[in-house]
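Here are my notes on this model, as numbered points. Have the structure open while you read.

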Amino acid sequence: CPFNGWGISDCWHDQDAGVVCGDYTQPFPPLRLVGGPTPNSGRVEVQYYGVWGTVCHDSWGILDAKVVCRQLGYNGTVRASTNAEFGQGTGTIWMNNVACTGLESSLDRCLFRGWGINDCGHSED
């Protein structure tokens with residue numbers, strides 16, 4: 001049936017559209033924002049092989065934040081945060097010296113030192 005606009009149709013439900021998708025794969029790496037006053041702000045945490053950890057702020061800037069916001073589905077980026085503004089994390093510091101161009105589809109596509117390779121403390125989350 002041609003699309004004539006929302007709610008305008010000469011189709012019947014025996015003509016409803018459907019899809020069959022392939023296996024679901026969760027975007028890699030999973031990201032979350034923790035400790036912020038709103039869901040769209042917080043310390044960046046990344047999950048690598050099932051373990052959540054933090055991102056060190058060395059070289060962190062607005063282009064890196066832009067990639068995180070896009071990966072999480074937010075429209076736009078207000079600013080990048082450093083110096084554990086949203087509290088110190090715990091556990092592994094997974095990423096350091098992240099250098100995004102701002103065009104990457106996910107944070108792991110940006111240049112960084114390597115998973116778990118860092119010279120940071122959690123005061124730099």
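1. Let's begin with the first hairpin. Strand 1 (residues 31-35) and strand 2 run antiparallel and are joined by five bridges, and six residues make up the hairpin connection from strand 1 to strand 2. For a register check, Val34 has Arg43 as its bridge partner in strand 2. Strands here are DSSP runs of E with at least two residues, helices are runs of H or I with at least four, and both are numbered from the N terminus. Two strands pair if DSSP finds at least two bridges between them.

2. A word on provenance. This is a predicted model, in which local features need pLDDT of at least 70 and side-chain atom pairs count only at pLDDT 80 or more, while totals for chains, interfaces and linings use all residues. Residues are numbered from 1 along each chain as its sequence is written, and side-chain values use heavy atoms, with hydrogens and water left out.

3. Next, the other side of strand 2. Strand 2 also pairs with strand 3 (residues 51-55), again in the antiparallel sense, over four bridges. Here the bridge partner of Val46 in strand 3 is Gly53. The hairpin of strand 2 and strand 3 has two residues between the strands, and Tyr49 there takes a positive phi near 50°. That is a spot to look at by eye.

4. How buried is strand 2? Seven of its seven residues are buried, so strand 2 is largely enclosed by the rest of the structure. Buried means under 20% relative accessible area, exposed means over 50%, and partly exposed is in between (1.4 Å probe, protein chains only). Gly35, found in strand 1, counts as exposed at 54% relative accessibility. The C-alpha atoms of Gly35 and Gln88 are separated by 9.0 Å, with their positions 53 residues apart along the chain.

5. On to the cysteines. The whole structure has two disulfides, a disulfide being a pair of cysteine sulfur atoms within 2.5 Å. One of them joins Cys56 to Cys120, with S to S at 1.9 Å, and it is left-handed, with -85° about the S-S bond. Cys56 sits in the loop between strand 3 and helix 1, and Cys120 in the segment after strand 4 (93-95), so this pair ties together parts that are 64 residues apart in sequence. Cys56 and Cys120 are both buried.

6. The other disulfide joins Cys100 to Cys110, with S to S at 2.0 Å. The link of Cys100 and Cys110 is right-handed, at 100° about the S-S bond. Cys100 and Cys110 are ten residues apart, each in the segment after strand 4. Both are buried. Separately, Cys69 is buried too, with a relative accessible area of 15%.

7. Now the aromatics. Five aromatic pairs turn up in the structure. Among them, Tyr48 and Trp94 are edge-to-face, 4.9 Å centre to centre with 70° between the planes. This pair links distant parts of the chain, with Tyr48 in strand 2 and Trp94 in strand 4, 46 residues apart. Tyr48 is buried at 17% relative accessible area, and Trp94 is buried at 12%. For the cut-offs: rings of Phe, Tyr and Trp (its six-membered ring) pair if their centres lie within 6.5 Å, and planes under 30 degrees apart count as stacked, over 60 as edge-to-face and the rest as tilted.

8. Phe112 and Trp115 form another edge-to-face pair, 5.0 Å centre to centre with 75° between the planes. Trp115 is partly exposed, with a relative accessible area of 22%. Which residues do the ring pairs link into a cluster? They are Tyr48, Tyr49, Trp94, Phe112 and Trp115.

9. Last, the lining of the largest pocket. It has 28 residues, of which Asn40, Ser41, Gly42, Arg79 and Phe86 lie nearest the pocket centre. Strand 2 (42-48) and helix 1 (62-71) are the elements that give two or more residues to this lining. A pocket is an open set of points on a 1 Å grid over the protein atoms alone, where a 1.4 Å probe fits, with protein on both sides within 12 Å along at least five of seven lines; lining residues have an atom within 4 Å of a point.
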